Amino acid sequence: MLDILRAGLAALGLDPTKAESLAAFADDVLERNRVMNLTAITEPADFARLHLLDSAALLNMADFSGKRVVDVGTGAGFPGVPLRILRDDFDLTLLDSTGKRIDFLREACASLSLTRVDCVHARAEEFAAAQREHFDIAVSRAVAALPVLCELCLPLVRVGGQFLAMKSARSDEELDAARHAIGTLGGRVVRVTDYEIPDSDVTHRVIVIDKVSPTPAKYPRAFGQIKKKPL
Ligand code: SAM
């Protein structure tokens, strides 16, 4: 795993000396995965590429420096924890609706001595009541289809900030289906970037959505409504 990580980080223009810390986090996830459901990817090389390097690639998609960043539906900590391990110059909130995952992340962040990280157990659509338009950047991977995801994430982003949605490279239809939601919630798609995960034949995509106007007060709705009637 270490060789894959060192080479992958170098290929991404990131610090290869962080490979050990990323591998230590992988050990924590895989160890805990024996007793709770954190990931289906358990083969170390696949874990390195599909979780750690995929997350790391996001650092090349926006300027995180000095920003307030929220990872919505972080699960076992992706992409947020690798971002934190690789860079410590922004404030990070790891948000998930599953308490056991947040408990795990609190322990993992403490054991890795990670700083400027807040682990929050809440549903995104409820968290927005307290933290509306509070973040410079929201990131999210593998949480919901884009029309739903935008209603979970865009209310958290300040005007002038960005939402980075990590998606499959085959997400054209999903993006088209989300255009109405994005506009309604105050967003504008400014970039769609496909990238190859180093040392793999896997191409993923980041959809960059700028927050250009405030999200109307009636959003986000309760999750039942969001899911039943996506914007
Ligand atoms: N982002 C991680 C990744 O890429 O591996 C985890 C993906 S996992 C499939 C989806 C996660 O989103 C779960 O941990 C789930 O609890 C969380 N989630 C789903 N809906 C949510 C919501 N409305 N607010 C916060 N978290 C949510």
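This report describes strand pairing, ligand surroundings, burial and backbone geometry in a predicted model.

## The parallel pair and its crossover

Strand S2, which spans residues 91–96, pairs with strand S3, residues 117–121. The two run in the parallel sense and are joined over 5 bridges. Within this pairing, Leu-92 is placed opposite Val-117 of S3. Helix H5, residues 99–111, combines with S2 and S3 in a β-α-β unit, and this unit is right-handed.

The loop between H5 and S3 contains Arg-116. The phi of Arg-116 is positive, about 55°, although the residue is not a glycine. Most residues other than glycine have a negative phi. Arg-116 is classed as partly exposed because its relative accessible area is 39%, a value between the 20% limit for buried and the 50% limit for exposed residues.

## Antiparallel pairing around S7

Strand S7 covers residues 203–211 and has antiparallel pairings with S5 and with S6. Strand S5, residues 157–168, is joined to S7 by 7 bridges; in this pairing Phe-163 stands opposite Ile-209. Strand S6, residues 187–196, pairs with S7 over 9 bridges, also in the antiparallel sense. Here Val-192 has Ile-207 of S7 as its bridge partner.

S6 and S7 form a hairpin with 6 residues between the strands. In this hairpin, Asp-199 adopts a positive phi near 60°.

## Val-206 and Ser-171

Val-206 is a residue of S7. Its relative accessibility is 1%, under the 20% limit, and Val-206 therefore counts as buried. Leaving aside residues up to four places away in sequence, Val-206 touches Leu-58, Met-61, Leu-164, Ala-165, Arg-191, Val-192, Thr-193 and Tyr-195. The C-alpha atoms of Val-206 and Asp-88 are separated by 22 Å, and these two residues are 118 positions apart along the chain.

Ser-171 is located in the loop between S5 and helix H8, the latter comprising residues 172–184. Ser-171 also counts as buried, because its relative accessibility of 1% is under 20%. Not counting residues up to four places away in sequence, Ser-171 touches Arg-205 and Ile-207. With Arg-205 there is a polar contact between the two side chains, at 3.3 Å.

## The enclosed helix H7

Helix H7 consists of residues 146–153, and 8 of its 8 residues are buried, so the helix is largely enclosed by the rest of the structure. The buried residues of H7 are Leu-146, Pro-147, Val-148, Leu-149, Cys-150, Glu-151, Leu-152 and Cys-153.

Ala-142 lies in the loop between strand S4 (135–141) and H7. Ala-142 is classed as exposed because its relative accessible area, 73%, is over 50%. Its phi is positive, near 60°, in a residue other than glycine.

## Surroundings of the ligand

There are 16 residues around the ligand, of which Gly-73, Phe-78, Asp-96, Arg-101 and Arg-141 come nearest.

Nitrogen atoms of the ligand are approached by both backbone and side-chain atoms of the protein. A backbone N or O atom of Gly-73 lies 2.8 Å from a ligand nitrogen. For Ser-97, a polar backbone atom is 3.2 Å from a nitrogen atom of the ligand. Glu-125 instead places a polar side-chain atom 3.0 Å from a ligand nitrogen. On its own the ligand has 600 Å² of accessible area, and the protein covers 80% of this area.

## Cis peptide bonds

Most peptide bonds are trans. A cis peptide bond joins Phe-78 and Pro-79, with omega about 5°. Pro-79 belongs to the loop between strand S1 (68–72) and helix H4 (80–86), and Phe-78 is one of the residues that come nearest to the ligand.

Tyr-219 and Pro-220 are likewise joined by a cis peptide bond, for which omega is about 0°. Pro-220 is found in the loop between S7 and helix H9, residues 223–228.

Conventions:
Residues are numbered from 1 along each chain as its sequence is written. This is a predicted model: local features need pLDDT of at least 70, side-chain atom pairs count only at pLDDT 80 or more; totals for chains, interfaces and linings use all residues. Side-chain values use heavy atoms; hydrogens and water are left out. Two strands pair if DSSP finds at least two bridges between them. Helices (H or I, at least four residues) and strands (E, at least two) are DSSP runs, numbered from the N terminus. A crossover is right-handed if, with the strands pointing away from the viewer, the path from the first strand over the helix to the second runs clockwise. Buried means under 20% relative accessible area, exposed over 50%, partly exposed in between (1.4 Å probe, protein chains only). Contact means heavy atoms within 4.5 Å. A residue is near a molecule or strand if one of its heavy atoms lies within 4 Å of it. A polar contact is a pair of N or O atoms within 3.5 Å; within protein, one must be able to donate a hydrogen and the other to accept it, and residues adjacent in sequence count only if both atoms are side-chain atoms. Accessible areas come from the Shrake-Rupley method with a 1.4 Å probe; for residues, only the protein chains shown count as cover.
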